[in-house]
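Biologist: Please pick one part of this model and take me through it closely. Start at the N-terminal end and work inwards. Keep it brisk.

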Amino acid sequence: MNKKHGEAISLTQRWIEKSIIGLNFCPFAKREFERQSIRYKIHEGIEKKDTLATYLDELHHLDNHLEIETTLLILQYGCSDFEDYLELVDMATTLMEQGGYSGIYQLATFHPLYCFEGEAPDDPSNFTNRSPYPILHILREKSIERVLRTYPSPENIPANNIAKARAIGLDELRKLFD
């Protein structure tokens, strides 16, 4: 692994520890983080077609490596513009469906400028999906289903996270990203 990849992975891991696990935005992340069953794949390209090819490679990789629970495809240089990123997400979702992966994998989205539709860019709720880099997060559907069976009221997770982020406040959330 080259130095730049190592730095991007370390920064992503710190974000997971401080934000995703530390603020309990995802009650399922801690187990996989501690088990080291998260694959961190760096993609340096900026062209969407190359990113989508890497994304498909990651779906195939997960098919062949059951010990990996989830992949974070970290877009180190591409999709810094949030609208471009959303376009990529739509394309990746279509590829997942066309490739027969619906019901096998699920795509979660994270971006440094994440902004929920209808929210102001500085609304603290956006920090539930903000990350140090644009990330395509590929999750195993079976794993999600398994965890959801044991988690009380999983449908409330997004609303709880939004309320938690707003209670923490914008200034404190920004400090997590410094």
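Modeller: Asn-24 sits in the loop that links α1 (3-21) to α2 (29-35). This is a predicted model. The phi angle of Asn-24 is near 55 degrees, a positive value in a residue other than glycine. With 37% relative accessibility, Asn-24 counts as partly exposed. Gln-36 comes in the next loop, the one between α2 and β1. Phi of Gln-36 is likewise positive, near 55 degrees, and Gln-36 is not a glycine either. How exposed is Gln-36, at 70% relative accessibility? Gln-36 counts as exposed, because exposed means over 50%.

Next comes the layout. The protein has 7 helices and 4 strands. From the N terminus, the elements run α-α-β-α-β-α-β-β-α-α-α.

Now the part to look at closely: the sheet, and β2 within it. The sheet is open, and its 4 strands stand in the order β1-β2-β4-β3. Its pairing is mixed. Strands in a sheet pair through backbone hydrogen bonds, either parallel or antiparallel. Which strands stand at the edges of this sheet? They are β1 (38-43) and β3 (105-110). Each has a single partner strand, so one side of each is left without a neighbour in the sheet. Neighbouring strands are turned against each other by 20 degrees on average, ignoring direction.

Take β2 (residues 70-75) and its pairing with β1. The two strands are parallel, with 6 bridges between them. Two pairs help you find the register. Ile-38 faces Thr-70 in β2. Ile-42 has Ile-74 of β2 as its bridge partner.

Turn to the pairing of β2 with β4 (135-140). Here the strands run antiparallel, joined by 5 bridges. Ile-74 turns up again, since its opposite number in β4 is Ile-135. Ile-74 thus has Ile-42 as a bridge partner and also stands opposite Ile-135.

Is β2 buried or exposed? 6 of its 6 residues are buried, so β2 is largely enclosed by the rest of the structure. Its side chains split into two sets. Thr-70, Leu-72 and Ile-74 point one way. Thr-71, Leu-73 and Leu-75 point the other way. Both sets are buried.

What encloses the sheet? Begin with α3 (residues 48-64). Together with β1 and β2, α3 makes a right-handed β-α-β unit. The helix has 17 residues and spans 24 Å from its first C-alpha to its last, close to the 24 Å expected at 1.5 Å a residue. Its buried residues are Thr-51, Leu-52, Thr-54, Tyr-55, Glu-58, Leu-59, His-61 and Leu-62. These buried residues pack against β1, β2, α4, β3 and β4.

Thr-51 gives a close-up of that packing. This threonine is in α3. At 4% relative accessibility, Thr-51 counts as buried, because the cut-off is under 20%. Leaving out residues up to four places away in sequence, Thr-51 touches His-43, Gly-45, Leu-73, Leu-75 and Leu-88. Two of these contacts, Leu-73 and Leu-75, point the same way from β2.

Two further helices lie across strands of the sheet. α4 (residues 82-98) lies across β2, β3 and β4. Its direction is at about 175 degrees to β3. α5 (residues 141-150) lies across β3 and β4. That helix runs at about 70 degrees to β4.

Finally, step back to the whole chain. The C-alpha trace spans about 40 × 35 × 35 Å along its principal axes. A compact globule of 178 residues would have a radius of gyration near 16 Å, and the protein agrees, at 16 Å. Buried residues make up 45% of the 178. Among contacts with a separation of 6 or more, 74% come from residues 24 or more positions apart.

How values were computed. Residues are numbered from 1 along each chain as its sequence is written. This is a predicted model: local features need pLDDT of at least 70, side-chain atom pairs count only at pLDDT 80 or more; totals for chains, interfaces and linings use all residues. Side-chain values use heavy atoms; hydrogens and water are left out. Two strands pair if DSSP finds at least two bridges between them. Axes are lines fitted to C-alpha atoms, for helices over the stretch in contact, and angles run from 0 to 180 degrees between N-to-C directions. Contact means heavy atoms within 4.5 Å. Buried means under 20% relative accessible area, exposed over 50%, partly exposed in between (1.4 Å probe, protein chains only). A crossover is right-handed if, with the strands pointing away from the viewer, the path from the first strand over the helix to the second runs clockwise. The expected span of a helix is 1.5 Å times one less than its number of residues. The radius of gyration is taken over C-alpha atoms; the globule rule is 2.2 Å times the number of residues to the power 0.38.
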